[in-house]
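Me: Could you take a close look at one part of this model for me? I'd like to hear about the loops with unusual backbone angles, and then about the empty space inside.

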Amino acid sequence: MNNRILMILGLLLIASGAVAAIYFGRAYFNKPPDVSKPPEIDPTKDRPPIPVPKVNFTNVTDPAGITFAHYNGAAGKKLLPETMGGSVCVLDFDGDGRQDLLFVNACAWPGHPQPEKRAASCLTLYRNSGDGKFEDATAVAGLNVTMYGMGACAGDFNNDGFVDLFITGVGGCKLYRNTAGEGGASGAASARRFIDVTADAGIAPKGAWPGSLSADQFISSKEPVEFASSATFVDYDADGKLDLFVCRYVTWAPAVDLSIKTTLTGIGRAYQQPQQLEGSQCVLYRNLGGGKFADVSDLTGIKVVEKEGTDKGARERPVAKSLGVITCDPDGDGWPDLIVANDTVRNFFFHNLPAEDGERKFEEKGLYVNVAYALGKPRGAMGIDWGEYLPGQYGAVIANFADEPITFLSVANADAQRLRFRDLAVGIGLAGPSQFWLKFGTFFFDYDLDGRLDLLVCNGHLEPEITKVQSDQQYAQPPQLFWNTGDQQRLFESITANDSGKDFFRPMVGRGCAYLDYDGDGDLDVVLVENNGRARLLRNDTTLGNKYIRLSLVGDGKSANTSAIGAQITIEAGGKTYRREIAGARGYLSQSELPITLGLGATDTIDKITVRWPGKDAGQPQEWTKLKANSAYTLRQGKPDAEITQRK
């Protein structure tokens, strides 16, 4: 009995415990959880844009007398070269101190007549008359030539004091010697002549222009035709004579181009993509003196190949698809290096090093110094430039294809043994604004004369009917201008029509571009070239009152080339130090003026200018002191006095 009572009491206790557990458990789980109150944080606010300077650019193409219009030869077949051209080279061809303009045109394809409205010559040279106008000097200069031109560069290769010309193109290149100093007074009309010395110089095409073919024979031809793009003069071996570096794009033949089926929905045949064509080889011509050049590409490491397999007999495939080249010296050793912008394959960095025989060679180190790829992939690279974008900080800007941002390669460690680059485009404000556009020409220049290098980009698509495929894209695109704020955290600020006027931003099918001070007022003007359209001259009408100094350098023609290409300039003024380098070609297919224009802001006096002349026998750097702002000077190697030039 007692056991039964104890059992019943136990069951009652268990039941009551279960009820209590259920009740209290439910209450526990229904209890609002304890939540720590987050700290109060002020709402994120967008940082206001940095105020930009108001500098208007005015289209003065017509009043300046420039009528050049590019012609791409398109005849309905959509051949790749038709999409690529339009360039300008700034030079002082007659030595009068004023910057002249050379435009490079294409021509009709073999078997097709040249349109009547197009100029008979594929080169157009405009002489700067000094009154804000240009006069056509093509005929008097001896530059009436027919070729499918692409790019140009200028430099005094024979050190006679007058700048010579090199023209690239489809079907071969041309070297012109300036005879202005031969048998006539400087600047005299009879002496302003260029002579074609291509054959005598030993510069042979790798696939000559098939001008004798009929139209049907031409489009059926499988013979490769040389496709040279950008080129630059550079004294790579520092012997005082300018050598030539030439970019080649792809291995191209009309029948091969047409045999590859490339189409776009709603358009039909599209222009060929470089991925579908084999690469080519850049070439380096060494200046031997006496008007002779030698191809030293193999000897100096310029030839870049990859094997199509692992066995010894595997075919070597050329890698280069080169469209832009810039000289630079990121390790500061005084020897010019080269960065080459390649389209859809890795970029090159040619490091200038001593060879075992005492000469110089290049080692292609793009992969090792982080120049080859952006985010691990190749981009469609076109134009390229190099400069000091902040005090003591140097970088290369590369213009890329649509939907690819600008690449901005900054030197992370200027050490010859551990040289490294970093792509800073995102952090400095260039990636987002540049990504949408199809970018070709680009260059650094100080358009507001505050001492910091700003950036221009010339844009334009390949397909005239691209809007049928991509409704948000357009064939003609506005150029872009970026102002250098000097703030590392927000370095480049986009400029709009409200800041620099509508003329600058009018859409065009942009390709080459260059800067120059054509009117002699101290600020930098801009030339933009359009594919199959008219060029534009935009006058810089700044009213900011910032000061400047303009420097034209002349080498002695013995230890350093007279054009001073490769010279490194250090300018100390107002407690600041600026560094500039004289380079040949800049951007895409083009060359800007060789004189240096440095903005000084409010500074009146330049304390010291130091020039490190190019050339291994050039001696110690040369110094000049106490130069005045808002002046133009000529600095001559070995001459202690700076020659001042009156400005307009």
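**Loops and cavities**

Reply: Let's start with N532, which sits in the loop between β31 (525–530) and β32 (536–540). Bear in mind that this is a predicted model. N532 isn't a glycine, yet its phi is positive, at about 60 degrees. That stands out because most residues other than glycine have a negative phi. As for its surroundings, N532 is partly exposed, with a relative accessible area of 36%.

A564 has a positive phi too, near 60 degrees, and is likewise a residue other than glycine. You'll find A564 in the loop between β33 (547–554) and β34 (568–573). With a relative accessibility of 0%, A564 counts as buried.

Now for the empty space. Searching the whole structure turns up five cavities of 30 Å³ or more. The largest has a volume of about 250 Å³. It's lined by 21 residues, and the closest to its centre are L453, Y515, R580, E581 and R586. Among the elements giving two or more residues to that lining are β18 (322–328), β26 (439–445) and β35 (576–581), while the largest share, four residues, comes from β22. By type, the lining splits into 11 nonpolar, three polar and seven charged residues.

The second largest cavity comes to about 180 Å³. Of its 17 lining residues, G334, W335, P336, I565 and G566 lie nearest the centre. Here the lining divides into nine nonpolar, five polar and three charged residues.

Notes: Residues numbered from 1 in each chain as written. Predicted model: local features only at pLDDT ≥ 70, side-chain atom pairs only at ≥ 80, totals over all residues. Heavy atoms only, no water. 1 Å grid on protein atoms, 1.4 Å probe; cavity = no way out; pocket = protein on both sides within 12 Å on 5 of 7 lines; lining within 4 Å. Points joined across faces, edges and corners; volume = space filled by probe spheres on them. Nonpolar A, V, L, I, M, F, W, Y, C, P; charged D, E, K, R; others polar. Buried < 20%, exposed > 50% of the residue type's maximum accessible area, 1.4 Å probe, protein only.
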